[in-house]
Amino acid sequence: MLSRILQDRNVMSVWDEKSAKWESRRKEIIELLCREEYGFMPKEHDKLTWTEEAAPYTFCAGRATHKKVTLTVHFGEASFSFPVYASIPKSKEKVPFFVLINFRDNVPDRYLPVEEICDHGYAVISFCYNDVTMDKQAKDLEKDPLVEILFRGIEKQPYHAGKIRIWAWAASRALDYALTLESLDPARAFVIGHSRLGKTALVAGMLDERFALAISNDSGCSGAAISRGKKGESIRNITEAFPHWFCNNYQKYAGKEAELPFDQHYLLAAIAPRLVYVASAEEDTWADPDSEYLSCYASGEVYSKLGLTGFVCEDRLPSAPEIYHEGRIGYHLRTGAHYLSREDWNYYMDYIKKHF
Ligand code: GTR
């Protein structure tokens, strides 16, 4: 039934004759998604430095430590700083950790039940996306210092980074810092985000192989969800409301999904053979849970061809509650609204315990 739906929606297979050499095909897919959708960074940075500030209060009943860290990214003479927050359970062994790209810099936050996460033995490195670059197109670049540095002396091209790409870059800088911490396990680094930041987590997972797992919570349009035949938000809606999230090339697909030289299952597949997790909420019709699910199914093909267990599911559309944790593509559809809830976090931690 599912392959029939994909056929009816004209969703192409991500696996082609060149895919047997998966690493080179994967690079080609990444190039394509960057050129047509998320964009390329206009400049590389040359180093990262940081200063740590320990929190002067007891955190999580004294079972974890918390600190604010200011990361400074250097581009030659210029530099840009943003804060990240490290919450780390006390443990004799190295702990697995999440890099959470968040909407606020609160710890805890409504999307970050940090005490429960630390009690389960996970650390969290979090930051607020607006501290990296604001969620709008700045008319006055001085108000957006990172973008000002990135584009200084460069004429913006249609393939240059939109904000999602820049937030994903920042997740990698948070990871650079995390990997300097003795207490964290470099083999168990997971990137996570909700909604627009779920799209961002997938892009970060695609681009940075140090992330062993990328988690997309309710990312929907231009995130996990297949665009062809999608209900709810369309490419036209998203590029009109949030043109700055993408590179300018993406505008040309507004109302022209059939012309996309890819679909969003390419984004999930570009994480293979590493792990990817897609979560949906039943009432989140704007994101379109069915299209997110179909994307898992369609990208599962790559894992199977690589001899790995990809997406293990029933051959039908999902109905909440539905949880599929067997394969390298994890999935759940829970009841309720668009939100990064405790229930979502608990499913992620269950999945991770099973696979890592
Ligand atoms: C919506 C947008 C979605 C989703 C969401 C969010 O308005 O249409 O694509 O990303 O915002 O990030 O909260």
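Ile125 is a good place to start in this predicted model. Setting aside neighbours within four places in sequence, its contacts are Val84, Tyr85, Ala86, Phe97, Phe98, Val99, Leu100, Ala174, Ala178, Leu181 and Leu184. Ile125 also stands out in the largest nonpolar core, a set of 126 residues: together with Phe98 and Phe127, Ile125 touches the most other members. As for where that core draws its residues from, α5 gives the largest share, with eleven.

Now for the strands around that spot. β4 (residues 95-102) and β5 (residues 123-128) run parallel and are joined by six bridges. Across that pairing, Phe97 sits opposite Ala123 of β5. β5 also pairs with β3, this time in the antiparallel sense and over three bridges, and here Tyr85 faces Ser126 of β5. β3 itself is mostly covered, with ten of its twelve residues buried.

β3 has another partner in β2, and that pair runs antiparallel with twelve bridges. One of the facing pairs is Thr65 and Ile88 of β3. The two strands make a hairpin with two residues between them, and Gly76 in the turn has a positive phi of about 60°.

Here are the three strand pairings side by side:

| Strands | Sense | Bridges |
|---|---|---|
| β2 and β3 | antiparallel | twelve |
| β3 and β5 | antiparallel | three |
| β4 and β5 | parallel | six |

In general, strands of a sheet pair through backbone hydrogen bonds, either parallel or antiparallel. Zooming out, these strands belong to an open, mixed sheet of ten, ordered β1-β2-β3-β5-β4-β6-β7-β8-β10-β9. The edges go to β1 (47-54) and β9 (322-324); each has a single partner strand, so one side of each lacks a neighbour in the sheet. On average, neighbouring strands of this sheet are turned by 20° against each other, direction ignored.

Thr70 gives a look at the β1 end of things. This residue is found in strand β2, and its C-alpha is 5.4 Å from that of Trp50, although the two are 20 residues apart in sequence. Not counting residues up to four places away in sequence, Thr70 touches Thr49, Trp50 and Thr51, as well as Ser81, Phe82 and Pro83. Is Thr70 buried, partly exposed or exposed? Its relative accessible area is 25%, so Thr70 counts as partly exposed, between the 20% and 50% cut-offs.

Helices lie across the sheet too. α5 (residues 163-178) crosses β1, β2 (64-75), β3 (78-89), β4, β5 and β6 (184-194), running at about 120° to β2. Towards the other edge, α9 (residues 289-305) lies across β8 (275-281), β9 and β10 (329-334), at about 165° to β8. Then there's α10 (residues 342-355): its 14 residues reach 20 Å from first C-alpha to last, close to the 20 Å expected at 1.5 Å a residue. Its buried residues are Asp344, Trp345, Tyr347, Tyr348, Met349, Tyr351 and Ile352.

Finally, the whole chain. Its secondary structure comes to ten helices and ten strands. The radius of gyration is 19 Å, close to the 21 Å from the globule rule for 356 residues, so the chain is as compact as a globular protein of that length. Along the principal axes, the C-alpha trace spans about 60 × 50 × 40 Å. Of the 356 residues, 60% count as buried. As for contacts between residues at least 6 apart in sequence, 71% join residues at least 24 apart.

Terms used
Residues are numbered from 1 along each chain as its sequence is written. This is a predicted model: local features need pLDDT of at least 70, side-chain atom pairs count only at pLDDT 80 or more; totals for chains, interfaces and linings use all residues. Side-chain values use heavy atoms; hydrogens and water are left out. Two strands pair if DSSP finds at least two bridges between them. Helices (H or I, at least four residues) and strands (E, at least two) are DSSP runs, numbered from the N terminus. Axes are lines fitted to C-alpha atoms, for helices over the stretch in contact, and angles run from 0 to 180 degrees between N-to-C directions. Contact means heavy atoms within 4.5 Å. The expected span of a helix is 1.5 Å times one less than its number of residues. Buried means under 20% relative accessible area, exposed over 50%, partly exposed in between (1.4 Å probe, protein chains only). A nonpolar core is a set of buried Ala, Val, Leu, Ile, Met, Phe, Trp, Tyr and Cys residues joined through side-chain atoms within 4.5 Å. The radius of gyration is taken over C-alpha atoms; the globule rule is 2.2 Å times the number of residues to the power 0.38.
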